[in-house]
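Reader: I should be grateful for a close examination of one part of this model, namely the surroundings of the ligand, and for an account of how the rest of the chain relates to that part.

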Amino acid sequence: MPDQQPAGAGMDWRQRAACIGHDPELWFPKPRDTTTAERAEAICARCPVINACRRAAKREQHGIWAGRHRFASWETTP
Ligand code: SF4
């Protein structure tokens, strides 16, 4: 379902987030913990407000937002 939240509608989109009720630690997996990351990404994939989340994620440097990991070195750490 596409995000139909109008621009400037504040933070109300968070109330419709698919991650509500799940363990927040899923969105902050340890390095190379692909199982946890994939669980979070699967939830994000069916989130009705993923577009609003993606816009908010531009300010974030850690965690999984809108199904994408925001910690750049996570994938390149040996
Ligand atoms: S896209 Fe993912 S992190 Fe963002 S609100 Fe939806 S479920 Fe939560």
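Author: By class, the shell around the ligand consists of 12 nonpolar residues and 1 polar residue, with no charged residues. The model is a predicted one, and what follows should be read as a description of that prediction. In number, 13 residues surround the ligand, and the closest are Ala17, Cys19, Cys44, Cys47 and Cys53. The elements that give two or more residues to this shell are α1, spanning 34–45, and α2, spanning 50–57.

These two helices belong to a chain with 2 helices and 2 strands, arranged along the sequence in the pattern α-α-β-β. Of the 78 residues in the chain, 19% are buried. Among the contacts in the chain with a separation of 6 or more, 51% join residues 24 or more positions apart.

The helix α1 may be taken before α2. It comprises 12 residues and extends 16 Å from its first C-alpha to its last, close to the 16 Å expected at 1.5 Å a residue. Ala37, Ala40 and Cys44 are buried in α1. Viewed down the axis of α1, the buried residues fall within an arc of 65 degrees, and they therefore line one face of the helix. In general, an α-helix has 3.6 residues a turn, so residues three or four places apart point the same way. The face of α1 turned away from the buried side carries the exposed residues Thr35, Ala42 and Ala45. The cover over the buried residues of α1 includes α2, β1 (64–65) and β2 (68–69).

Cys44 merits separate attention, as one of the residues closest to the ligand and one of the buried residues of α1. With residues up to four places away in sequence left out of account, Cys44 touches Ala18, Ile50, Ile64, Ala66 and Gly67. One of these partners, Ala66, is found in the loop between β1 and β2. Ala66 counts as buried because 20 other C-beta atoms lie within 10 Å. The phi of Ala66 is near 55 degrees, a positive value in a residue other than glycine.

In α2, the buried residues are Ile50, Ala52 and Cys53. They cover an arc of only 160 degrees around the axis, which puts them on the same side of α2. Their cover includes α1 and β1. Cys53 thus has two roles in this description, being buried in α2 and among the residues closest to the ligand.

The two helices also meet in the largest nonpolar core, which has 14 residues; those with the most contacts inside it are Ala40, Cys44, Val49, Ile50, Cys53 and Ile64. The elements giving two or more residues to this core are α1, α2 and β1. Cys44 and Cys53 accordingly appear both in that list of core residues and among the residues closest to the ligand.

Two residues in the segment before α1 complete the account. Trp13 lies in that segment and is buried, with 21 other C-beta atoms within 10 Å. Trp13 and Asn51 are 38 residues apart in sequence, while their C-alpha atoms are 9.8 Å apart in space. Arg32 is also found in the segment before α1, but counts as exposed, with 11 C-beta neighbours inside 10 Å. Although Arg32 is not a glycine, it has a positive phi of about 70 degrees.

Key
Residues are numbered from 1 along each chain as its sequence is written. This is a predicted model: local features need pLDDT of at least 70, side-chain atom pairs count only at pLDDT 80 or more; totals for chains, interfaces and linings use all residues. A residue is near a molecule or strand if its C-beta atom, placed from the backbone, lies within 6 Å of it. Helices (H or I, at least four residues) and strands (E, at least two) are DSSP runs, numbered from the N terminus. Ala, Val, Leu, Ile, Met, Phe, Trp, Tyr, Cys and Pro count as nonpolar, Asp, Glu, Lys and Arg as charged, and the others, Gly among them, as polar. The expected span of a helix is 1.5 Å times one less than its number of residues. A residue is buried if 20 or more other C-beta atoms lie within 10 Å of its own, exposed if 12 or fewer, and partly exposed in between; C-beta atoms are placed from the backbone. The arc is that of the directions from the helix axis to the C-beta atoms. Two residues are in contact if their C-beta atoms, placed from the backbone, lie within 7 Å. A nonpolar core is a set of buried Ala, Val, Leu, Ile, Met, Phe, Trp, Tyr and Cys residues joined through C-beta atoms within 7 Å.
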